[in-house]
Amino acid sequence: MPQGALTQESDVREAYAAHAGELYGFAVRSLEDRGLAEEAVQDTFLRAWRAGDRFDPQIGSLRTWLFAILRNVVIDLGRARASRPVVTGDVPEVGHEPLEEMLVSWQVEEALRRIGDQHRRALVETYLRGRPYADVASELGVPEGTIKSRVYYGLRALRNALEEMGYDD
Amino acid sequence: MTTDECRVWRERLGALVLGQLGPQERAATEAHLEGCPDCRAEADALAPIAAVLQRADPERLTPTPSLPPGLADRIARRIAAERRAARRRKVRLGLVLGAAAAAATAAVLLALSLTGSPNTTTPAQTVAFQHLPSGVSVSASLQSRPWGSDVQVHVRGFPPGTLCMVWLRGADGERIPAGSFRYVYAGETDEAELSSALDPPHVTAVGLEAGSRTFVAHIPSSGSTHS
């Protein structure tokens, strides 16, 4: 059994404390249902515990491993839900965005949440919403050059946040 | 190139990699990068971040919902329950083993009188199953006992509830059952402790019938025993 395998109940508690928040955030994002997301997180930790002797930190991080399990759980839950008869016409569908891509999106969004408010606003307004620098600058009452430097430091902060989260492209 | 000069250029690098600079400013910044390896390296490091940034949806930046209270406890209870169930399963198998041992006693006593003292310290013999479907793992080990063999079987990857029957094949082709169990939890390794009246040196193959499939591990003849 590899050193660091997830076999004790205390290992699972530690893994939960470190990663459950993120896993839940992604589950809510992809399933669009908090009840299902809670079920998904519970299943993820149960599966992780059952297969805990196979987890090897030499091969990949615990976070990456848990996200891989969650991915499978979300697919299973999505399938189970898809096979149920639809009663109303406005049930949100799972899988209109491929799950891998959704995971990337969610990680970038999570990283954006973690950086400073000014940096986030600069990136969101000028890039994601595509607004002219002049508009954003006058709205915030700062020179355009300030927005430009916030975009730069914001990208650096985003890179650090993604690294801290263990994101690897 | 002074650091202060670079700072001015640096602060344009975000806009550069995001494609936000006008043509003139862009050309000037790129000209600086031509002659400044440090700023070039910084621009190269930011480019992949710029590429993933477009994957974010600005409408989804509201705070992440907090974890439902009590979820950690519910998971801990489920794990504790599964741990208890796994322990009960082992105990049940132990009872099966005990019954099998008792049933074999008469034969063993006869065998002992014919062959002399039993071999109690032989190391367990591990048996490898090959050509398994992906996701399935099966292994077995045989331990010599006065009544025959302890057969320890590890299986993983079958649909939950799969009936598993284990047998040993003797030198002249006869199958001696070692017992049966049900594979219970998806994703978990089930350990079954079974027993058979056949001695390890006489075993030529171990078979596992799981649902409708049969997996056989052949044991190469050691040349020490033939019947």
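This is a guided tour of a predicted model, with a suggestion at each stop for what to select and what to look for.

**Stop 1: chain B as a whole**

Start by showing chain B alone, coloured by secondary structure. You should find 4 helices and 8 strands. Follow the chain along its sequence, and the pattern reads α-α-α-α-β-β-β-β-β-β-β-β. Chain B has 227 residues, and buried residues make up 24% of them. Now think about contacts in chain B between residues at least 6 apart in sequence: 55% of these join residues at least 24 apart.

**Stop 2: a sheet in chain B**

Select strands 1, 2, 3 and 6 of chain B. In what order do these 4 strands lie in their open sheet? The order is 1-2-3-6, and the pairing is antiparallel. At the edges you will see strand 1 (125–128) and strand 6 (190–196) of chain B, each of which pairs on one side only. From one strand to the next, the twist averages 20°.

Zoom in on strand 1 and strand 2 (residues 137–145) of chain B. These two pair in the antiparallel sense over 4 bridges. To see one partnership, click on B:Thr126 and then look across to strand 2 of chain B, where the bridge partner is B:Ser141.

**Stop 3: another sheet in chain B**

Next, select strands 5, 4, 7 and 8 of chain B. These 4 strands form an open sheet in the order 5-4-7-8, with antiparallel pairing. Strand 5 (175–182) and strand 8 of chain B each have a single partner strand, so one side of each is left without a neighbour in the sheet. Here the twist averages 20° from one strand to the next.

Begin with strand 4 (residues 163–169) of chain B, which is joined to strand 5 of chain B by 7 bridges, the two running antiparallel. Click on B:Met165, and you will find B:Ser180 of strand 5 of chain B standing opposite.

Then move to strand 7 (residues 205–210) and strand 8 (residues 213–218) of chain B. They run antiparallel and are joined by 6 bridges. B:Val206 stands opposite B:Ala217 in strand 8 of chain B. How many residues lie between strand 7 and strand 8 of chain B in their hairpin? There are 2 residues between them, and B:Gly211 in the turn has a positive phi of about 60°.

**Stop 4: helix 1 of chain A and its partners**

Switch to chain A and select helix 1 (residues 9–31) together with helix 2 (residues 34–50). The axes of these two helices of chain A come within 9 Å and cross at roughly 140°. Helix 1 of chain A and helix 2 of chain A are therefore oblique to each other. The crossing is right-handed. Show side chains where they touch: among the contact residues are A:Tyr16, A:Leu23 and A:Val28 of helix 1 and A:Val41, A:Phe45 and A:Trp49 of helix 2. By class, this contact has 16 nonpolar, 1 polar and 1 charged residues.

Keep helix 1 of chain A selected and add helix 4 (residues 99–114) of chain A. This pair packs at an angle of about 125°, with the axes 10 Å apart. Helix 1 of chain A passes helix 4 of chain A in a right-handed crossing. The contact includes A:Glu22, A:Phe26 and A:Arg29 of helix 1 and A:Met102, A:Trp106 and A:Glu110 of helix 4. Its residues divide into 5 nonpolar, 2 polar and 3 charged.

**Stop 5: where the chains meet**

Finally, show both chains in separate colours. In this meeting place, 36 residues of chain B are in contact with 42 residues of chain A. Which helix of chain B gives the most to the side that touches chain A? That is helix 4 of chain B, with 8 residues. On the chain B side, the residues divide into 23 nonpolar, 4 polar and 9 charged.

For a last close-up, select helix 7 (residues 144–165) of chain A and helix 3 of chain B. They pack at an angle of about 85°, with their axes 10 Å apart. Helix 7 of chain A and helix 3 of chain B are therefore roughly perpendicular to each other. A:Leu155, A:Leu158 and A:Arg159 make the contact from helix 7 of chain A, and B:Leu46, B:Ile49, B:Ala50 and B:Leu53 make it from helix 3 of chain B. These residues divide into 6 nonpolar, no polar and 1 charged.

Key
Residues are numbered from 1 along each chain as its sequence is written. Chains are lettered from A and ligands numbered from 1 in the order in which they are written. This is a predicted model: local features need pLDDT of at least 70, side-chain atom pairs count only at pLDDT 80 or more; totals for chains, interfaces and linings use all residues. Two strands pair if DSSP finds at least two bridges between them. Axes are lines fitted to C-alpha atoms, for helices over the stretch in contact, and angles run from 0 to 180 degrees between N-to-C directions. Two residues are in contact if their C-beta atoms, placed from the backbone, lie within 7 Å. Ala, Val, Leu, Ile, Met, Phe, Trp, Tyr, Cys and Pro count as nonpolar, Asp, Glu, Lys and Arg as charged, and the others, Gly among them, as polar. Angles under 35 degrees count as roughly parallel, over 145 as roughly antiparallel, 65 to 115 as roughly perpendicular and the rest as oblique. A crossing is left-handed if the near helix is turned anticlockwise from the far one by less than a right angle, and right-handed if clockwise. A residue is buried if 20 or more other C-beta atoms lie within 10 Å of its own, exposed if 12 or fewer, and partly exposed in between; C-beta atoms are placed from the backbone.
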